[in-house]
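Colleague: I have some terms to check with you. Tell me what stands behind each one.

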Amino acid sequence: MYYHWAERIADEIIKSKEEPYVITGGMTTSGPAHLGTVCEFLFPNAIAKVLRKKGKKVKFYFVADIMDAFDSIPKSVEKYSEMLKEHLGKPLYTVPDPFGCHESFGEHYLDEAISIMKAMNVKAEIVKANELYASGAFDKYALMFIKDIAKVREILERVSKRQLKKTWNPIMPICKNCGKISTTVVLKHEVIENDVVYEYSCSSDAGYVKGCGYKGKSSIKEHKYKLQWRLHWPSWWHYFNSSAEGGGVDHFTKGGSRDTGVAIFKAFFKKEPPIGFKYGFVLLKGKKFSKSKGTGMSVKEMIELIPANVIAYHLLKFDLKENIDFNPTKKNILHIIEDYERTSMLNKPVEEMTRAERKKWMAYELAGQREWKGSFREVLMYYQIYKDLSKVKLHLNIDEESLGFILPYIKRWIEKGFVPDDYDFSYKPVKADGVVKEFLSSLKEGMNALDIHNSVYEFSRSRGIEPKEMFKAVYKTLIGKDKGPRLGKLIYALGIERVKRDCL
Ligand SMILES: [Zn+2]
Ligand SMILES: [Zn+2]
């Protein structure tokens, strides 16, 4: 019986693989990280965490695939288009960093991803693809695939049901003249002892960029190449001796790169491939994230509005194959945080939890413990009333550290327009009359938020007024709006005495 998918996969690994276990993953940092990219490290890390908790030895290697071609200019760096345009088609680790703070474009966004990993307590060993190739680690694979190119071609065509071009080659050379990797074609190759000498031309049209026309010669030992993705992936499974590696549904389609990877792995390495697990997409309002269109918020922006652990929790609480619809609107952000707060307060032995509670509890444990006491909603309400930290501290029963944690988020919500409508208010009392005056006069010192809330209903009933109308009238008197935070809590936070003084 499993409550969380990470437990199920961890057990599968224990049953069929040998310790020390190795979990692998990877991603191409071709733009700002979005939630889909977060899953690429968050999910394997969750499995490693479960294994570690069971006392197993486990490593998590994460490949930064920055040898991949720079194939589109993300919306977020559109203003650098002129400068970046000429680098399209080059490996990401050779494209300049438009911000000037890193060695390359690929490294800039890798660093951003690493900072998100840190914020989410992900423990991974980062391996850069360009350094792997430069060290010669993949030469043996290139040599093996080129020697047996007919067999490689047969497997890829049969499993993917797609015909490869006549000019297809296991390697993609980097052009010595223009530095592009997406426009080169191997013209001929010759295996000489433990090396492959090859001639290539930079002549193909990648759609978004054309080759420079250069013809050149190189050899595997010069390390100016990368394996085709469908060979590169199974090669790293072998290189790291991976026990398990996941991927999005796009890699796990029938005949997709997972299927061809498995077939290549079995045929060439004569052993069982890593356990595969596929996960759904993270959607934004039902749509896929797109870096080129710039849909949605980047994770870097998101963790300024929602604590990183909460985002991790939200991504881990669903079933693995489910598409996660994540919509960080001003209404949803508070809900997402409150769900995390509620789960963190499930103060009972796991045996007494319902199945759904236990699953969320696992997600909570995997995501990392809550770093604050008190509730975001309450701090938000008090801050809107008092607009001043020292006064919030005076009236709200919360420790300083927690307040120091929550308040910066609240301030950014206000700054960036993420305060839910009901909490977007200031205290602007006016003199009450009629039933509102009567109602406020009826409040007694010592009533708590719930007492006040209930008294609105009692009062309305006794006067034959719709409670809804009564609420509206009181809100109008206190904050000049029809709606607001829960009224009992609001009046309690303001203080009955103060409300009477200001409104009567
Ligand atoms: Zn940079
Ligand atoms: Zn070229």
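Colleague: Why is aspartate 97 called buried?

Modeller: Buried means under 20% relative accessible area. Aspartate 97 has 7%, so it counts as buried. Keep in mind that this is a predicted model.

Colleague: What makes Asp97 a donor of the zinc ion (ligand 1)?

Modeller: A donor is an N, O or S atom within 2.8 Å of this kind of metal. Asp97 (OD), Cys101 (SG), His102 (ND1) and His108 (ND1) coordinate the zinc ion (ligand 1) at 1.9 to 2.3 Å. Along the chain these donors follow the spacing D-x3-C-H-x5-H.

Colleague: Why is the arrangement around the zinc ion (ligand 1) called tetrahedral?

Modeller: Four donors count as tetrahedral if all angles lie between 85 and 135 degrees. Here the four donor atoms subtend angles of 101 to 115 degrees, so the term applies.

Colleague: Which residues coordinate the zinc ion (ligand 2)?

Modeller: Cys175, Cys178, Cys202 and Cys212, each through SG, at 2.2 to 2.3 Å. Their spacing in sequence is C-x2-C-x23-C-x9-C.

Colleague: What makes the site of the zinc ion (ligand 2) tetrahedral?

Modeller: The angles among its four donor atoms are 107 to 113 degrees. The bounds are 85 and 135 degrees, so four donors with such angles qualify.

Colleague: Why do you say that cysteine 178 and cysteine 212 tie parts together?

Modeller: Cysteine 178 is in the loop between β4 (171–173) and β5 (184–192). Cysteine 212 is in the loop between β6 (195–202) and β7 (215–219). The parts they join are therefore 34 residues apart in sequence.

Colleague: Are cysteine 178 and cysteine 212 buried or partly exposed?

Modeller: Cysteine 178 has 18% relative accessibility, under the 20% limit, so it is buried. Cysteine 212 has 34%, between the limits of 20% and 50%, so it is partly exposed.

Colleague: What is in the largest nonpolar core?

Modeller: It has 109 residues. Phe43, Ile47, Leu315, Trp413, Leu478, Leu490 and Ile491 have the most contacts inside it. Helix α2 (residues 35–53) gives the largest share, eleven residues.

Colleague: How do you know that this core lies between domain 1 and domain 3?

Modeller: Domain 1 (1–135 + 280–371) and domain 3 (434–503) both contribute residues, so the core lies between them. Another core, of 45 residues, lies apart from it. Val63, Phe138, Tyr141 and Phe265 are among its members.

Colleague: Which residues does leucine 490 touch?

Modeller: Leaving out residues up to four places away in sequence, the list is Met381, Ile385, Phe425, Tyr475, Leu478, Ile479 and Pro485.

Colleague: What separates the centres of domain 2 and domain 3?

Modeller: 76 Å, taken over C-alpha atoms. Domain 2 covers residues 171–227.

Colleague: Why is glutamate 193 called exposed?

Modeller: Exposed means over 50%. Glutamate 193 has a relative accessible area of 72%, so it is exposed. Its place is in the loop between β5 and β6. Glutamate 193 also has a positive phi of about 50 degrees, although it is not a glycine. Most residues other than glycine have a negative phi.

Colleague: And what about asparagine 241?

Modeller: Its relative accessibility is 46%, between 20% and 50%, so asparagine 241 counts as partly exposed. Its phi is positive, about 55 degrees. Asparagine 241 lies in the loop between α8 (229–240) and β9 (244–248).

Colleague: Is the peptide bond from glutamate 19 to proline 20 cis or trans?

Modeller: Cis, with omega near -5 degrees. Proline 20 lies in the loop between α1 (5–16) and β1 (21–27).

Terms used:
Residues numbered from 1 in each chain as written. Chains lettered and ligands numbered in written order. Predicted model: local features only at pLDDT ≥ 70, side-chain atom pairs only at ≥ 80, totals over all residues. Heavy atoms only, no water. Donors = N, O, S within 2.8 Å, 3.2 Å for Na, K, Ca; no water. Tetrahedral: all angles 85-135°; square planar, octahedral: opposite > 155°, others 65-115°. Helix = DSSP H or I, 4+ residues; strand = E, 2+ residues; numbered from the N terminus. Buried < 20%, exposed > 50% of the residue type's maximum accessible area, 1.4 Å probe, protein only. Core = buried A, V, L, I, M, F, W, Y, C linked by side-chain atoms within 4.5 Å. Domains from an automatic or database assignment. Contact = heavy atoms within 4.5 Å.
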